[in-house]
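Me: Got a minute to walk through this one with me? Let's look at it together.

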Amino acid sequence: MALIQNTKHENVPALIAKVRVSVPIPQLNSKNLKNEFDYLVTDSMSVQKGSVVQVSFANRIIWGIVYECSHTTEIEQAKLKPILSVSQVPPIDSVSLKFLEQVSEWTMAPFGQVLRMMLCVPNALSKDSPVFGYTVSSSQGHSKQLSKARQKVISWCQSNPPVSASLIAKETGVSSSTINSMLKAGLLEKLEITSELIQNKQSVSFSLRKAIEAASKIKLSEEQALAANKMAADNNRFNVSLLDGVTGSGKTEVYFDVVKRQILEGHQNLILLPEIALTASWVNRFKKWFGFTPYIWHSGISMSHKKRIWREINAGFPAVVVGARSALFLPFSNLGVIVVDEEHDAGYKQEDQVIYHARDMAILRAKHAKCPVILATATPSLESWTNAQLGRYQHIMLENRYGAATMPDIQTIDLRKFRPPSGKWMSALLLAEIEERLKSQQQILLYLNRRGYAPLAVCSDCGVKQSCHQCDSLLVTHRLSNQLRCHQCGIAHPFKNKCQSCEQTDSIQLVGPGVERLAEEVYQLFPEARVSILSSDTLTNPSQMETTIQSIENGEVDIIIGTQMVAKGHHFPKLTCVAVIDGDLGLSGGDLRAGERTYQMLTQVAGRSGREQKAGSVFIQTSEASHPVLQALRSQKRDDYFELELAQRENAHMPPFTRLAALIFSSMNETALAQYVKKLESQKPQFQNVFIYGPAPAPIYQIKGRFRVRFLINVPKQVNIQKIILDWHSRVDMPSIIKRQIDIDPYNFM
Ligand code: ADP
Ligand code: ZN
């Protein structure tokens with residue numbers, strides 16, 4: 001669309017803009033999903049499609065995006081509110097807008113809610129407060145009687161662009177008061193300077209290129225180079241590569257190589273990582289390769305940093321952004337490649353507000369941007385693996401660990417034969433192994449994906465399991481903080497050893513282990529060992545995490561006890577023994593992906609072992625040694641397991657062969673909820689091949705006092721599941737005390 005300026009004179013109708021506001025309007029019907037409203041473009045305002053504008057909406061001033069402009073008659077115009085201001089940032093690229101629209105359509109989240117993820121840095125949109133610089137006054141001639149200090153300032157300012165007083169003072173070594181007095185004396189004058197985007201695209205491109213040239217050259221192995229060349233060969237159009245390499249094969253180095261080629265061509269690149277994998281050691285590795293620091297994007301970085309990144313990305317500057325899933329919503333306008341590292345990771349699914357899967361949305365984004373996507377993993381999701389098998393994705397394999405490292409040996413320890421003593425969690429076999437490693441000064445990782453001390457607290461008097469009063473969830477005992485906690489809603493009560501039901505004191509029995517209890521056992525058996533517990537309770541902030549990881553890398557820890565937090569991404573050179581305390585945890589349960597997920601998690605944990613010269617071992621304690629997941633891990637025949645799992649999914653008409661959507665309705669008012677879902681049930685669409693299960697109480701019926709009822713929809717993949725949901729739901733009005741969550745391709749079946 002051409003730039004339109006509203007020049008108003010007699011008889012010329014006014015200009016109206018359709019603005020999509022960044023506020024979600026929840027009604028589920030196709031018109032409102034867009035969240036689009038008319039505003040008046042006032043005189044002298046220049047707007048076009050993509051312009052970011054400020055408008056008044058529901059008594060608030062908010063940001064929105066112009067979608068269309070048209071002329072209208074005076075009568076209509078009188079009723080409209082004007083656009084309040086136009087942001088100075090360049091209009092959002094139409095490719096980005098198309099992406100937002102499709103995310104909204106796919107997830108069925110209101111457009112405003114999706115838009116808000118992109119317009120998430122208000123500072124970047126609003127005008128900067130003016131910044132002043134000083135320059136030599138043009139009106140004054142300079143006499144010779146100037147002091148030395150004043151002369152210094154004058155000559156410095158004559159050969160430099162206008163900058164702040166403090167910078168001039170710093171550069172010339174004179175005091176700020178001298179500069180102020182020179183201003184008063186008319187020797188200097190004050191000019192408004194822009195603080196932002198002093199650089200331009202070419203200069204950024206040039207300095208990144210120089211940094212790469214100066215960085216140390218790392219040579220890829222033959223296998224790695226082959227993989228990188230294959231992916232880079234087809235880099236100017238949309239395509240998906242599944243970079244499927246065993247743990248320690250150097251997948252990171254391979255995609256670095258591809259990203260590097262894109263940067264040299266001046267493109268923007270996005271590397272998505274699961275949040276906890278983004279560590280200082282990862283960034284250091286990046287710096288070694290590229291010679292510059294990437295833009296890091298996640299919820300924890302400062303607003304001023306975000307502002308700079310947002311503006312540069314929106315202006316199309318070449319860059320590498322590495323971030324958590326939210327980085328996908330930066331206003332990229334010049335994408336070279338998107339990498340989704342650990343593509344199978346469940347952390348890519350956002351479970352609240354806009355419910356989306358970052359891997360799937362990355363593919364969508366790349367499709368619009370016409371750029372390649374790399375999905376890197378040692379344990380592909382069955383969805384991606386199937387796509388690769390069918391030839392929809394390029395399947396790139398790395399079969400060997402880099403350098404001298406070999407794959408660890410994986411064994412199971414049958415707990416039915418080698419049962420630990422009562423109240424203990426490690427078998428004699430495992431203890432012997434740990435002793436051995438400690439003697440030869442190697443590290444051991446004990447993996448138990450359970451936070452706290454004990455998962456179950458039960459009254460020995462009345463038999464009641466202690467549970468949360470506002471969730472259907474058992475309370476977990478935490479010894480370090482001496483609390484009983486609900487892992488569902490986070491509520492914590494002081495641990496008083498008193499039954500919540502019969503009020504008997506000293507009657508609480510703690511059942512089962514969490515990492516804290518396992519640590520207790522380790523302290524007793526290996527009092528000399530240096531032990532570190534890694535869980536989200538012991539490491540509560542990134543810097544704590546960083547220090548701990550560093551001390552493990554430096555070999556200052558002998559035994560690491562950790563939850564899933566340590567399972568992924570880390571490279572601990574001295575770690576040669578991984579023990580999975582409870583290999584059965586996660587195998588059962590009604591979750592569609594229980595087996596797949598356990599397989600992925602255990603492969604990742606196992607992959608921490610023996611990543612350098614010394615060969616690694618893995619021991620998995622289990623009561624189900626013959627379970628297909630454990631068999632596959634032992635024999636390291638992943639694809640056989642995938643085939644088996646897929647055959648079961650196909651039989652059961654489940655993804656990746658069909659598509660699911662979960663609809664969760666929740667309310668504090670149980671009766672109103674029941675009435676509403678009953679009405680919905682009576683309006684269920686009747687189509688062949690469309691199966692709607694429910695309404696049924698959700699597996700966790702109550703969370704934070706809200707009752708939850710679920711429908712599950714299962715359709716063939718070619719069916720438009722969104723349309724079915726939309727048609728169905730627009731037939732029954734939803735009372736405002738009910739909350740609806742639509743989850744397309746659910747991963748979480750709570
Ligand atoms: P993956 O992500 O496949 O598990 P990594 O990328 O972590 O594997 O690589 C494993 C280790 O091998 C890392 O320490 C990495 O720095 C090293 N490495 C891999 N490829 C190379 C290479 N070409 N040159 C030097 N070191 C490499
Ligand atoms: Zn709770």
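Reply: Happy to! A word on terms before we start: two strands pair if DSSP finds at least two bridges between them, and strands (E, at least two residues) and helices (H or I, at least four) are DSSP runs numbered from the N terminus. This is a predicted model, where local features need pLDDT of at least 70, side-chain atom pairs count only at pLDDT 80 or more, and totals for chains, interfaces and linings use all residues. Residues are numbered from 1 along each chain as its sequence is written, chains are lettered from A and ligands numbered from 1 in the order in which they are written, and side-chain values use heavy atoms, with hydrogens and water left out.

Me: Cool. How many bridges join β5 to β6, and which way do they run?
Reply: Strand β5 (residues 52–57) and strand β6 (residues 60–72) run antiparallel, joined by 6 bridges. Val53 has Gly64 of β6 as its bridge partner.

Me: And which sheet order do those strands sit in?
Reply: The order is β3-β2-β6-β5-β7, an open sheet of 5 strands with antiparallel pairing. The edges are β3 (36–41) and β7 (85–86), each with a single partner strand, so one side of each has no neighbour in the sheet. Helix α3 (residues 111–118) packs on this sheet and touches β2 (14–21) and β6. Contact here means heavy atoms within 4.5 Å. The direction of α3 makes about 85 degrees with that of β2; axes are lines fitted to C-alpha atoms, for helices over the stretch in contact, and angles run from 0 to 180 degrees between N-to-C directions.

Me: What's going on with phi at Asn59?
Reply: Asn59 has a positive phi of about 65 degrees although it is not a glycine. Asn59 sits in the loop between β5 and β6.

Me: Is Asn59 buried or exposed?
Reply: Asn59 counts as exposed, because its relative accessibility is 80%. The cut-offs are under 20% relative accessible area for buried, over 50% for exposed and partly exposed in between, with a 1.4 Å probe and protein chains only. Met108, in the loop between α2 (94–107) and α3, also has a positive phi, of about 65 degrees, but Met108 counts as buried at 6%.

Me: Changing topic: which residues hold the zinc ion (ligand 2)?
Reply: The protein donors are the SG atoms of Cys468, Cys471, Cys486 and Cys489, at 2.2 to 2.4 Å from the zinc ion (ligand 2). Donors are N, O and S atoms within 2.8 Å of the metal (3.2 Å for Na, K and Ca), and water is not among the atoms, so sites may look incomplete. In sequence the spacing is C-x2-C-x14-C-x2-C. Cys468 and Cys471 are both buried.

Me: Why is the arrangement around that zinc ion called tetrahedral?
Reply: Because the 4 donor atoms subtend angles of 103 to 116 degrees, and four donors count as tetrahedral if all angles lie between 85 and 135 degrees.

Me: Next, how covered is β15?
Reply: Mostly covered: 6 of the 6 residues in strand β15 (residues 372–377) are buried. Pro372, Ile374 and Ala376 are on one side, with Val373, Leu375 and Thr377 on the other. Strand β10 (residues 239–245) runs parallel to β15 and is joined to it by 6 bridges, while 4 bridges join the parallel β14 (residues 335–341) to β15.

Me: Last one: where are the cis peptide bonds at Pro656 and Pro695?
Reply: One joins Pro655 and Pro656, with omega about 5 degrees, and Pro656 lies in the loop between α20 (638–651) and β28 (658–667). Another joins Gly694 and Pro695, with omega also about 5 degrees, and Pro695 lies in strand β29 (residues 691–703).

Definitions and conventions: Four donors count as tetrahedral if all angles lie between 85 and 135 degrees; four count as square planar and six as octahedral if opposite donors are over 155 degrees apart and all others between 65 and 115; anything else is irregular.
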